[in-house]
Amino acid sequence: MFPGGGVDMQQLLQQAQKMQQDLAAAQQELAETPVEGSAGGGLVKATVTGSGELKSLEIDPRAVDPEDTETLADLVVAAVRDANNAAQELARTKLGPLAQGLGGGGGLPGLPF
């Protein structure tokens with residue numbers, strides 16, 4: 001601390017650097033964590049990473065009707081959307097505390113998060 005109650009800039013910078021490293025590690029972990037979503041009672045399953053990258057798509061043969069490809073397309077979209085929603089929730093869980101530490105939870109004033 002500076003005389004008169006000021007902020008110790010060195011300590012503040014070290015804390016910011018640690019938070020940045022923690023955030024990078026959490027983002028890397030998200031990029032490697034598989035998250036699954038499904039639709040049609042499990043007829044279509046999508047796996048994405050925690051960062052939202054589609055990794056795999058499984059389609060049960062019972063979902064394939066050559067006369068109704070529109071429903072299959074809807075199921076694929078719904079499964080991917082479900083997986084992405086799960087990935088976003090995982091990101092909120094992992095990154096939320098770090099973001100609060102950087103701004104909202106008494107972290108660094110003036111940052112937009």
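Let me begin with Thr 47, which lies in strand β2, residues 44–49, where strands are DSSP runs of E of at least two residues, helices are runs of H or I of at least four, and both are numbered from the N terminus. Before going on, I should say that this is a predicted model, in which local features need pLDDT of at least 70 and side-chain atom pairs count only at pLDDT 80 or more, while totals for chains, interfaces and linings use all residues. Residues are numbered from 1 along each chain as its sequence is written, and side-chain values use heavy atoms, with hydrogens and water left out.

Thr 47 counts as buried because its relative accessibility is 14%; buried means under 20% relative accessible area, exposed over 50%, and partly exposed in between, with a 1.4 Å probe and protein chains only. Leaving aside residues up to four places away in sequence, Thr 47 touches Pro 34, Val 35, Glu 36, Glu 53, Leu 54, Lys 55 and Ser 56, a contact being heavy atoms within 4.5 Å.

Turning to Ser 56, we find this residue in strand β3, residues 54–59, and with a relative accessible area of 30% it is partly exposed. With the same sequence exclusion, Ser 56 touches Lys 45, Ala 46 and Thr 47. Its C-alpha atom is separated by 9.7 Å from that of Val 80, which is 24 residues away along the chain.

As for the whole protein chain, it has 2 helices and 3 strands, arranged along the sequence as α-β-β-β-α, and of its 113 residues 23% count as buried.
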